[in-house]
Structure formats: structure tokens, C-alpha cells
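Here's a friendly walk through a protein chain for someone meeting it for the first time. Have a look at the picture, then read on.

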Amino acid sequence: MQRFRWNLGLEQKSRLLRDRHYAKAKLSNGMSCVVISDPKTPTAGASLSIEAGSWLDGTFAGTAHFLEHMLFLGTKKYPSESDYERFIFDNNGSLNGYTANDHSLYYFSGLSPQSLSGALDRFSRFFYEPMFNPSCIGREMNAVHEEFKRNCTNDLWRTMHVRKQIADQRHPFSQFNTGNLETMQEIDQNYLRDWFERHYIANAMNLVVHGREPVQELLEFCEHYFGQVKGGFYNTRHFGKIFPGMEGKILWVEPLKDIKHLHLTWEISEDLVDMDTKSASLVASLLGHEGKGSLLSQLKSKGLVESLSASGSVVGYNNCEFNITVSLTDVGRRHYQTVIDEIRAALHLFEERNQMSKIKYEYMQRDASISTKWTAILRREGLESFPERSLTIQTFDPTRIASVFEALLKDPIVTIEAKGGPTTYQEKWMGAKYGFVDMESNSVLSNVQVPQKNAFMPNQLYIVEKDQQKPEKIIDTTGSQLYYFPDGSFDTPECSMVFNVKTPQIRAGDPQKQLLSALYNRFVGESLNELTYDASLAGLDYNCWIHNDTGIAVSVDGYNQKAVHLLDQVFARVVNPTLDPQLFKIFMSALKRSLENASKNQPLQQATEKFSSLMMDEYCTVAELSKAVDSISFESLEAFCKTLFQERLVEGYCGGSLNHQDAIEAHELVMQHVQGSDARSPIKRPRVIQPSDNEAMIHVPVEGNALLHTIGYGHRTEDNRSGWELLSKLLKEPFYSELRTVQQTGYVVQSQGIQLDKQLFVQLMIQSSRYQPLDLLDRTIRFMDAFTLDLNNQQSHNIKKSTIDRLKEPFDKLVRKQRFYNYLAYEEEADFDLVQKRLYHLQSMELQDVVRFANSATSQLAVMAQGHQKTSSV
């Protein structure tokens, strides 16, 4: 093993992470690894990337993706298909993997730290002794085919495959990367093993592990568990351009949904997306800026677009792109050429960005997914310099930035996703229709401005010294309450503020008020966009949303110095958003499109909407909203905004590194803005009702079927909460393994426990292109009948222990802790000892108690969605 010096010249100032240590090494087989030792971390995890993705498929399209699936299904030491998943799930973890163009990545995260060694033992064997069991191959092909069928109704995937069809067919980008039964039918165990042996070599792998163990022990884990992966020669690959000859052409793709997207793409050289200067990223920051005088601001002022983003990215290996994507308005759709001209005319931030990168590192908080995120950047940067070049801009190079702009002055490849374009051709795999139109060239004078100095950049941060055990109510009047929780335990200069302004003007069962509140919220966001974009760049985030269908909630989270100032600015616009008739037309058009597009949502999404309509006493369906939308006028929105806060009840919460004076000031500023009278009667959220039937079938105009099976267990008590919590976790892996891996009912198979109106439910969900909804229901019922009989004490004990461990250390970030206590303050009657009560009742819960709870269901509701395609019942 060869160790490398950790050479990042930044100090982590948080006391919580002062015992955290890092190391990086090259294992004896050539694998690159980074370890993160954090003695107090509540979670552990690992991630491994391999420089082998779909561009290396070879003979059979989808090979890399299919192999990724197969690695989860047993190794020589752990041959059971579900062993790895069960171990991770039973120990609080989550897991996944993906296949990209030039690499594949596997990870587990959120694991109870004491289980790291067992997880690494199972995980590492993916990469040197997978079974590729022939009995699994056919079944897992069906799973990949289900994934393909699901993607066929996704406009993002459909457009990507059109781009594959028009690409240079000699380039691997053009290949059908997902795979389906047609392309994979000849893949067998020998072919998989040969592909694996050729591409899954240690020299092409990057590993990140984090846990509580000391650095040296973690490095020994890496060598012990992953040192058995075979080494070999890894050759970096280079390819030519993906779209030669397509510059200056407009590709028009017909979407399934009514969307209006415009993409401008330039193929650029890989030296322009380098890590040292980050030239393409800096240019993207300029073009994607949303502040005053920005390209987005200019296009919005002319009613052409709703949103804009810009990015420089690696498509795969040496192939890089610069992309500008806009969401068009109806006017922009008709005058798309003007939008193209405006963007191209804008083409004739270095210190602030580096400052924020350093602050974020110095006050870093724990992140359960850190190993996955670091693996993604380790594979690009390389072990020797990691993570310095990824984290900061090493060199400000005006010449390199000029080269980016020079590349963007060339003709782009333009893609439009919208209805009404030419549809001369049809893509082979997903059936999207497309065609081409000519791009005109007009002279436009750009008024785009370079961003000014960011007024929200922090320079006087502080950390509160006072630590309370729980929030304190410091204001309590008939019209407002404020809880205050100074919390320096995370040792970061961040705070969290939430103010929920309840109002009787928002009602869940009133379609007009639902639509008006959605439009109101859109105008608030538009009024704040230029202001809050700068704040977000400076580590201050805001959110404004309709809270529990009872009012308007506003949150401000981030660095504390200018947080109260931002809250003041936000509420000024929340109370008095700028209403504009032209923008109203744009927002109304977008609202109508979203309602029309709802019928094209995935079957499971539509089943979920039906479930909500059956279970809640106040709920507006898409059909009810669609019926009411034409009654909404600009005048009715003006009237709604004027009366919105005539009656109100303010529920405030301030916590984190925020002093008492700032908390009081924040409350006073909110009350100055929201000057209505106190609410005359309680403002209540929607309540759960008992449906009259146990089954509901809906017919949806999309491919696929779905089942949402909900089992109710009555009102929550301290005792049955523990049974519900353990049952939900015990169900997760067996339901997935049986219904997805063994029976292959569908690609989307999951279970969860949910609470509605303090009532407990367990939900079982399947989306399938193979089986009818009633068949899915029958399989689910049979599974539940057998489930409790198969439970064993050891598994129940493991789940119980991991649940208790997580409850003892539930928070890895300040904002999550503060949000939880805000929830306790107002949704749980300020029961700040709730976690301790849960721990007490969990300690005494045994397997027979869980079984007794599982058999105590008080209600069942099966919502089934029937798609329009033919399916088979097996």
C-alpha cells in the first residue's frame, strides 16, 4: 500500500469535526482509496466507482447496466440474492448503484457505524467473486426490461435516445445503453464473467470509505477487503466528436407531455472543463446567473422564458459539452429563433466563489453520503491532488475563459422539445418522433450585465456558546408564538428560521383557493428570484411554500450574519408580491399545462393522487382543479393577495447559531409585515377519513399498471408507534426481494410506513408493465399473509437495535435538527421528549409484539391503476 500526503491547506473549524482525519492511498493491487475517520459519526458508508460504463457495452447493448444489476444478486461467500440488501437495510443503511457513459458506481450509506466491517465484507465481494447465477440472469433481464419500459414514457429519456440516433454512429454515445430483452437475450453467465474480468480491474477503481475507526484501521479494511480485486492495465480512452456536422441545425423532438424546452449544446475540448481553472464552470455561472441584468432577467422581461440554466460538463471520457437550457413560454415557443438569437448575443467570479468554497469546507457538517460524493470527484481528479483541485479554483485564467466564449461563438446544436414541430422521423427504441428545421441568424444587441458584488457574502460569522436541551417559547400571544432554540452543538455559524403564517384563505378542499395560492406562490418566487439567487451563492437559502394547506410558510437557513436581513426582504415580497398581467398569462399557461400533463404521469403517481382524494376530508383532484382553472382571473388573484393575511396566526421558530436579540428582531420584522388581525377561529389541516370501499380502480392513458396497497393501524399511541416503526423496517427488504427480485412483478417495488393525521399506515407499492393490477394485489396479499410467519428473532433484534442506535444520534446536520424541533413545537404539542419516549417503548418491544401489531390492522385500501397497454398475467 502506498500512502499519499493529505495536502489540502484548509482547517476545519467545527469542533465536531476536529477529530475527523483523512488519508489516501494506493492499495497493493492499484486501487485508489480515500478514508474518512470520524470517531463520533452517527453513520458509516462506502462507495466504489469503476471506469467501465455503457460506452464499453460491446456486442450486446445494455451489458454494463445489466452487470450492475447482477452484482447485487449474490457472491461466493454470500450466495443469497438478498443477503447484502438485508444486511444494509437491517442496519439503517441505504444502497444503490448506477451505470453512466464512462463509469459505474456502487454505494451504501447511512449505515450504523458498528456494522461497517460486515458491510465491507459483503460489498467488496461484488468486485472479485460475483456469482452471476444463471437462475438470476433471466429474471434480472426482466427487471432491466421493466426499467426500459418505464423510461419509454419519460420525455428526458426519449429525447436522449433521439440524440443517440442522430449522433455519429461510430461513437459509443450512439449505443442503446439501457438494454432490454431484445438486446440482452443472448447474454449468459460466461459472457457476463468475461466482460467483468476484462473491465472490472482494481487500477480502474476508486474507493471512499468513512466510519468511526482510526485512519490506519480503515486503510487496513480497504486492503483486507478490496485488495483481492485483481489488478491489471487500465488504458484511458479517447473518442472523436459525438455530433459532427450537426452544428447550426435545430433538432425538434415531439414530447409526450406538453413541455417547451430549448437546449443549446456546444461540444468543447476537455481542457475547458479542467479542475484547475474551472473555466467552463465560471462561464456557466455568468450565463446562468439569475440576478439583476442577467441573461435570464432579460429574456423574462420580454416574456420569452420561464427559467434558464447553464453548465459545462463531461459527457464521457474526453467528450465534453457546454449546455444552456431554457423553459420557454408560449410566446417563446412561437419565437424560439428570437430566444436563440438573444442567447447567442449574450456570448459577444472568481474571488467570491473561492471564498464560499473555503467557508463551506471550514464549517463542514456531517453528510451520510460523503463517500458517494467524494468517489464521484475522486475519479475525475485523481488520488495525488485530491480533493484540492475539485474544491477550489487553483488558477484564474482569463485566456482560458476567453477560449470558452470563443467556442460558444460557433454554431450550437439546438434541441427543441415542444409540440407542433416537424416529425419526419421516429427513434428506434422509445418511439419518439422528431425532425429538423433550419436555424436563422439575426443580429441582436445584448444587454446582459456582469454580476455585481454579492451583498450577502458573509465576513463576520459567529457561533453561539449557549446550548439548550430543547426549545423555549419566548413569545406567546393570541396572534403569534415564537420558539427559540440556540444550539451551538454543531459548531457552525449557521441558523435556521421558520415562520408559518396560517390563514383561513387557504383551504385544501377549495379548488379556486388552491389555484390562487399556487399562482400567488409563483409570483412570490418571481419577485424574489434576483434577490435570493445572490443569497444562495453566499450560503443563505430561503423557501416559501403552502404549508399543510393552512398557510404560507417561509424558511431561511444558512450563515447567520445576514439571515435576518434576508428574512426581512423575503417577507416584504411575501406580503406584497409584484403582480404583472403579462406574467399572469405566462403562469396561467404553465399551470394549465401542468394540469394537462398530470394525466401522463406514471401510473403509481396517479394512484397516489387517487389515494389522497379518498383518504382526506378536504382534497382537490386534478379533475376538480382543471374544471376550476378557467374561472381564475388576474383580478381574482389581486383580490386574493389583498385578503390573504387579513386574518392570520403566526407560528415562528428560530434556532441554531442565532442570538436572542436576532430571534426577537426576526419575529418583530415578520409581524410588521403581516399586519392583519388575529385569526378568530382555529385553522385546521385536512383530516383522514375512512373510505367507503376497500378497493378503487382507475384507468390511466399511459403504459403500465400500478398498485398502492395501504394498510391502516388506527390512531397513533406510544405503544403502537413502536410496532409500526419496526414493522415498516422489517417489511422493506423482504417485500422488495420477493416481489421485485424473485417474482419480477415490476421495476418499482417498495414499501414504507407513513403517518397521516396521527394515524399509522403501511404502504406497499408496485408499478409493472407485465402484470394486471388485480394480480399485483393478489400477490401482495399473499406476501403479507406469509410475512409474519417468516419473521425470526434475530432479524427483529437487529432491526430494533439499529433503530435505537439511530434514534440516539438522529441528526447529522443542524438544519435537520432544527426542522425536527420546529415540527415538535407545532405538530406534536411541544413534546420535546418525544424521542426519549420512543426509545423507552422500543426497548421493551419484542418480536411477538411486532407480530401482534401486524395482525391488528383496522383498515385496508387498494388503489389500482390500469394502463392502456396489454399485459400478461403469469
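## A look around the chain

Leaving aside residues up to four places away in sequence, Val144 touches His65, Phe66, His69, Thr178, Gly179 and Met184, where contact means heavy atoms within 4.5 Å. This is a predicted model, in which local features need pLDDT of at least 70 and side-chain atom pairs count only at pLDDT 80 or more, while totals for chains, interfaces and linings use all residues. Residues are numbered from 1 along each chain as its sequence is written, and side-chain values use heavy atoms, with hydrogens and water left out.

Back to Val144, which is found in helix H4 (residues 134–151). Helices (H or I, at least four residues) and strands (E, at least two) are DSSP runs, numbered from the N terminus. Is Val144 buried or exposed? Val144 counts as buried, at 0% relative accessibility. Buried here means under 20% relative accessible area, exposed means over 50%, and partly exposed is in between (1.4 Å probe, protein chains only). One of its contacts, His65, sits 79 residues away along the chain, yet the C-alpha atoms of Val144 and His65 are separated by 8.2 Å.

### Two sheets

Strands of a sheet pair through backbone hydrogen bonds, either parallel or antiparallel. In this text, two strands pair if DSSP finds at least two bridges between them.

One open sheet has 7 strands in the order S1-S2-S3-S7-S4-S6-S5, with mixed pairing. Strand S1 (2–4) and strand S5 (94–99) stand at the edges with a single partner strand each, so one side of each is left without a neighbour in the sheet. From one strand to the next, the twist averages 15°. Helix H3 (residues 116–124) lies across strand S4 (44–50), strand S6 (104–111) and strand S7 (205–211), running at about 160° to S6. For such angles, axes are lines fitted to C-alpha atoms, for helices over the stretch in contact, and angles run from 0 to 180 degrees between N-to-C directions.

Another open sheet of 7 strands runs S10-S11-S9-S12-S8-S14-S13, and its pairing is mixed too. At its edges stand strand S10 (305–316) and strand S13 (425–426), each with a single partner strand, so one side of each has no neighbour in the sheet. Helix H5 (residues 155–166) lies across S8, S9, strand S11 (319–328), S12, S13 and strand S14 (433–438), at about 140° to S8. The hairpin of S10 and S11 has 2 residues between the strands, and Tyr317 there takes a positive phi near 50°.

Here are some antiparallel pairs from the two sheets, each with one pair of bridge partners.

| Strand pair | Bridges | Bridge partners |
|---|---|---|
| S2 (residues 21–26) and S3 (residues 32–37) | 6 bridges | Lys26 and Ser32 |
| S9 (residues 261–268) and S12 (residues 413–417) | 5 bridges | Leu264 and Val414 |
| S10 and S11 | 10 bridges | Leu308 and Val326 |

### Two helices that cross

Now for a helix pair. Helix H24 (residues 718–742) and helix H28 (residues 834–843) pack at an angle of about 75°, their axes 9 Å apart. H24 and H28 are therefore roughly perpendicular to each other, a label given to angles of 65 to 115 degrees. On the H24 side, Glu718, Asp719, Arg721, Ser722, Glu725 and Leu726 meet Leu834, Lys837, Arg838, His841 and Leu842 in H28. By class, that contact of H24 with H28 has 3 nonpolar, 2 polar and 6 charged residues. Ala, Val, Leu, Ile, Met, Phe, Trp, Tyr, Cys and Pro count as nonpolar, Asp, Glu, Lys and Arg as charged, and the others, Gly among them, as polar.

### Salt bridges

How many salt bridges are there? The count comes to 47 salt bridges, each being a side-chain nitrogen of Lys or Arg within 4 Å of a carboxyl oxygen of Asp or Glu.

Take Lys230 and Glu197, whose side chains meet in a salt bridge (3.2 Å, N to O). Lys230 lies in the loop between helix H8 (215–226) and strand S8 (249–253) and Glu197 in helix H7 (residues 189–199), so the pair ties together parts that are 33 residues apart in sequence. Lys230 is partly exposed, with a relative accessible area of 37%, and Glu197 is partly exposed too, at 34% relative accessibility.

Asp487 and Lys817 also form a salt bridge (3.0 Å, N to O). Asp487 is in the loop between strand S16 (480–486) and strand S17 (494–502) and Lys817 in helix H27 (residues 814–827), 330 residues apart. Both Asp487 and Lys817 are buried.

Notes: Angles under 35 degrees count as roughly parallel, over 145 as roughly antiparallel, 65 to 115 as roughly perpendicular and the rest as oblique.
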